[in-house]
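Okay, thanks for making time, everyone. I'd like to walk you through one model today, so have a look at it first and then I'll talk.

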Amino acid sequence: MRALEHKIPPPVVGALIAAAMWALSLPAPPLALPPWVGGPLIVLLVIAGVTFDLLGLIAFLRMKTTINPLQPGKASALVTVGVYRITRNPMYVGMALLLTAWAVHLAALWPLLGPVLFVLYINRFQIAPEERVLKELFGEEYVAYTARVRRWRSEEHTSELQSH
């Protein structure tokens, strides 16, 4: 399975899953949301997704490190500021939110599997191999960062959720 690690750019993975979601929506049972729920939910998810994507990209550009997800070994800096204090993977969070917005827009049951498949694929074939490389490049600094901030959300936010 290592053959798929860092082989397909995550935006391409997202686009392929989005296309599959559309294809699955055609024969799928409808998911009827009232327009006053579906429309605002889609807008909220798109805004959140684009915001995570842009904030992640801007943080990488400010630190002058590579934005190429297929070559994490070219990273020149460990980015832990800004949105990276909330999640180690804001651009992947953004893509998952955009796929969720697409699923809501398609208004069918089966496309809801798309964001789940995206997260599973990205965790296995993109994030896990990235983490191996970053640990090798940045050592204890990266290990300390992973102890503070989870892949998909920060430890602080997790603790807040668990206490409620």
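Let's start with a loop. Lys-64 sits in the loop between α2 and α3. Keep in mind that what you're looking at is a predicted model. So, is Lys-64 buried or exposed? Its relative accessibility is 70%, so Lys-64 counts as exposed. The other thing about Lys-64 is the backbone: phi is positive, about 55°, and Lys-64 is not a glycine. That's worth a pause, because most residues other than glycine have a negative phi.

There's another residue like that. His-6 also isn't a glycine and has a positive phi of about 55°. You'll find His-6 in the segment before α1. His-6 comes in at 15% relative accessibility, and the cut-off for buried is under 20%, so His-6 counts as buried.

Now the helix just ahead of Lys-64. α2 runs for 28 residues, and from its first C-alpha to its last is 40 Å, close to the 40 Å expected at 1.5 Å a residue. Which residues of α2 are buried? They are Gly-38, Leu-45, Gly-49, Asp-53, Gly-56, Ala-59 and Phe-60. Part of the cover over those buried residues comes from α3. Thr-51 is in α2 too, but at 35% relative accessibility Thr-51 counts as partly exposed. If you want a distance to check, Thr-51 and Val-83 are 32 residues apart in sequence and 9.6 Å apart C-alpha to C-alpha.

On to α3, residues 90–106. How does its span compare with what you'd expect at 1.5 Å a residue? For 17 residues the span should be 24 Å, and the end C-alpha atoms of α3 are 24 Å apart, so the two agree. The buried residues of α3 include Tyr-92, Met-95, Leu-99, Val-104 and Leu-106. What do the buried residues of α3 pack against? They pack against α1 (10–25), α2 (35–62) and α4 (113–148). Right after α3 you get another positive phi, at Ala-107, about 50°.

Ala-107 also turns up as a contact of Pro-30. Pro-30 is in the loop between α1 and α2, and it's exposed, with a relative accessible area of 70%. Leaving out neighbours within four places in sequence, Pro-30 is in contact with Ala-107 and Ala-108. Glu-141 is another matter: from Pro-30 to Glu-141 is 111 residues in sequence and 48 Å in space, C-alpha to C-alpha.

Okay, cores. In soluble globular proteins, nonpolar side chains tend to be buried together. Here, the largest nonpolar core has 15 residues, and the ones touching the most other members are Ile-17, Met-21, Leu-99, Phe-118 and Ile-122. At least two residues of this core come from each of α1, α3 and α4. Which helix supplies the largest share? That's α3, with six residues. There is another core apart from it, of 12 residues, including Ala-75, Leu-134, Phe-138 and Tyr-142.

Let me zoom in on Ile-122. This one is in α4, and a relative accessible area of 1% makes Ile-122 buried. Not counting residues up to four places away in sequence, Ile-122 touches Pro-10, Tyr-92 and Ile-127. The C-alpha atoms of Ile-122 and Ile-8 are 10.0 Å apart, with their positions 114 residues apart along the chain.

Last stop, and probably the one you've been waiting for: pockets. Rolling a probe the size of a water molecule over the atoms shows where empty space is left. How big is the largest pocket by volume? About 540 Å³. There are 28 residues lining the largest pocket, and Phe-60, Tyr-84, Met-91, Tyr-92 and Glu-130 are the closest to its centre. Which elements give two or more residues to the lining? α1, α2, α3 and α4 do, and α4 gives the most, with six residues. As for chemistry, the lining of the largest pocket has 20 nonpolar, four polar and four charged residues.

One residue to take away is Tyr-92. Tyr-92 is buried in α3, touches Ile-122 and is among the residues closest to the centre of the largest pocket. Okay, that's me done.

Notes:
Residues are numbered from 1 along each chain as its sequence is written. This is a predicted model: local features need pLDDT of at least 70, side-chain atom pairs count only at pLDDT 80 or more; totals for chains, interfaces and linings use all residues. Side-chain values use heavy atoms; hydrogens and water are left out. Helices (H or I, at least four residues) and strands (E, at least two) are DSSP runs, numbered from the N terminus. The expected span of a helix is 1.5 Å times one less than its number of residues. Buried means under 20% relative accessible area, exposed over 50%, partly exposed in between (1.4 Å probe, protein chains only). Contact means heavy atoms within 4.5 Å. On a 1 Å grid over the protein atoms alone, a cavity is a set of points where a 1.4 Å probe fits but cannot get out, and a pocket is an open set with protein on both sides within 12 Å along at least five of seven lines; lining residues have an atom within 4 Å of a point. Grid points are joined across faces, edges and corners, and a volume is the space filled by probe spheres set on the points. Ala, Val, Leu, Ile, Met, Phe, Trp, Tyr, Cys and Pro count as nonpolar, Asp, Glu, Lys and Arg as charged, and the others, Gly among them, as polar. A nonpolar core is a set of buried Ala, Val, Leu, Ile, Met, Phe, Trp, Tyr and Cys residues joined through side-chain atoms within 4.5 Å.
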